[in-house]
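The following exercises concern packing and ring contacts in one protein chain. Each task is followed by a worked solution.

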Amino acid sequence: MAVVKQHELLERLERAKQKAQMTRNKILVSQRIQVDTIDPLIVFKNGSSIYKGERSFWSDSIGKLSLVGIGEALRLDVDGEDRFSEIKKQWKGIVDHQLDDYDTTYVYGTGPMLLGGFSFDTLKDKTPLWTNYADASFVLPVHMFSLIDDNAYLTTNLFVSADSDIQTLFEKGVRENAELLKKCALDQTESRDLSLTEIDPEQWKDTVVKTTSMINEGQVDKVVLAREVIAQSDSEISAFDTLINLRDQQPNSFIFAFERGHKCFVGASPERLVRKQEDMLLSTCLAGSIKRGSHHEEDERLGNELLSDDKNREEHDYVVQMIRGALEEVAGSVDVPDQPSLYKGRDIQHLYTPVKVKKATDIPFLDVVDRLHPTPALGGLPQLRSVEIIREFERLDRGWYSAPIGWIDHFDQGEFAVAIRSGLITDNYASLFAGCGIVSDSDPESEYEETLIKLKPMLTALGGSTA
């Protein structure tokens, strides 16, 4: 079957060249084949020798879909406040005018798609830390491996111009496909010593006090304040090893990695922003948290404590009402449960409420992502005022932390998570981020302790012990 598909790819490349000669435009040829099942992390590992610094990884929180993007057939980088609409417009232009006839039966999670993300705040002063990451940066991979349940697919995306050498383009694509699918062992990751540098925790606590005063004065209802910890190792920190650990340690989270040269933004987020599949939108309200217990009875007690805690319930309800309102503006009918339930991660448990829209076929997906970001769980309430306070008070450059990351395909389907429990790896350093929702009765020491719990997943995934 793969040989037949390869022959079809060569024919389509030839037709695309003829079309490019007539239109004087580059033409995108996207070809999907079904392949033998292989661990997606093997494909991610193999890709480093072909396209160094040009890999993307995504797996959903239920273990149904994993995506690995290798290479950059196209990269869309946009800075500024119009980033959502600009990415939507540019991608639509590719799909409508440059994509060659894509007649393969649609399978969610395959075919031509963009992987990437957005920054939290376009107006925040940028630092060198996030130099490689635009306010919106999305990649159409040269090779896209998709594992859906037990079915594996490989999509190849190639742009053809009027003067393209079709045979060379074809042979290179086939050779790289074979290299990516070579099976190998996934070695056990080794523990490493990490030295940690906290960025002025006392100043962060002072900011919590100042923010609480503003809330009690009625200036704002809630503000999410984040802080940064820098982990340093004696050797280069591996994004591949980190992904192995995250997948093993955080199986109920969205696992992601986005390379931009020698930097890699990686994490395991428990929080879906929104998924669009067929005619349904699904968003997730995840706010209010407490640690896991060391045994079943303690864990159950802590969970019940969280469910009955006024401060956390208030914080959670802010998120529910904002997401409900945002989706009602674009969709009308929204389904929301009356009470939250518990979402249990390895180290922390949260209050959880799903929000569904059942008829969303004609709603542009990136318009929904734009409308939802940032939720009160990552920014605050009211939205604009809370982001202004964050911009003024926070010492760190959030970059992509706490912003939407994910994928969108050529049929305007896809999924975005919120990039929490995450870090930016640069050689032997990793900048890690964690935040807390500050409300009227927030205690600085308690909020600080909560950030330590939220930092634990990434610290563990980076390789083990801290020194």
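A charge sits over a ring if NZ of Lys or CZ of Arg is within 6 Å of the ring centre and within 35 degrees of the ring normal. The model examined here is predicted.

**Exercise 1.** Identify the ring over which lysine 205 lies, and the ring over which the charged end of arginine 55 sits.

Solution. Lysine 205 lies over the face of tyrosine 448, 4.3 Å from the ring centre. For arginine 55, the ring is that of phenylalanine 44, whose centre is 3.9 Å from the charged end.

**Exercise 2.** Classify the relative direction of helices H3 and H9, and describe their contact.

Solution. Step one: H3 (residues 83-98) and H9 (residues 365-372) pack at an angle of about 170 degrees, and their axes are 9 Å apart. Step two: angles over 145 degrees count as roughly antiparallel, so H3 is roughly antiparallel to H9. Step three: from H3, Phe84, Ile87 and Lys88 meet Leu366, Asp367, Val369 and Asp370 of H9. Step four: the residues of this contact comprise four nonpolar, no polar and three charged.

**Exercise 3.** Determine the geometry of the aromatic pair formed by tryptophan 130 and phenylalanine 265, and place both residues in the chain.

Solution. Step one: the model contains 19 aromatic pairs. Step two: in the pair of tryptophan 130 and phenylalanine 265, the centres are 5.3 Å apart with 70 degrees between the planes, an edge-to-face arrangement. Step three: tryptophan 130 belongs to the loop between strand E5 (113-118) and strand E6 (136-140), whereas phenylalanine 265 is in strand E12 (residues 263-269), 135 residues apart. Step four: both tryptophan 130 and phenylalanine 265 are buried. Step five: Trp130 and Phe265 belong to one aromatic cluster, together with Tyr133, Phe256, Phe258, Trp400, Tyr401 and Phe433.

Definitions and conventions:
Residues are numbered from 1 along each chain as its sequence is written. This is a predicted model: local features need pLDDT of at least 70, side-chain atom pairs count only at pLDDT 80 or more; totals for chains, interfaces and linings use all residues. Side-chain values use heavy atoms; hydrogens and water are left out. Axes are lines fitted to C-alpha atoms, for helices over the stretch in contact, and angles run from 0 to 180 degrees between N-to-C directions. Helices (H or I, at least four residues) and strands (E, at least two) are DSSP runs, numbered from the N terminus. Angles under 35 degrees count as roughly parallel, over 145 as roughly antiparallel, 65 to 115 as roughly perpendicular and the rest as oblique. Contact means heavy atoms within 4.5 Å. Ala, Val, Leu, Ile, Met, Phe, Trp, Tyr, Cys and Pro count as nonpolar, Asp, Glu, Lys and Arg as charged, and the others, Gly among them, as polar. Rings of Phe, Tyr and Trp (its six-membered ring) pair if their centres lie within 6.5 Å; planes under 30 degrees apart count as stacked, over 60 as edge-to-face and the rest as tilted. Buried means under 20% relative accessible area, exposed over 50%, partly exposed in between (1.4 Å probe, protein chains only).
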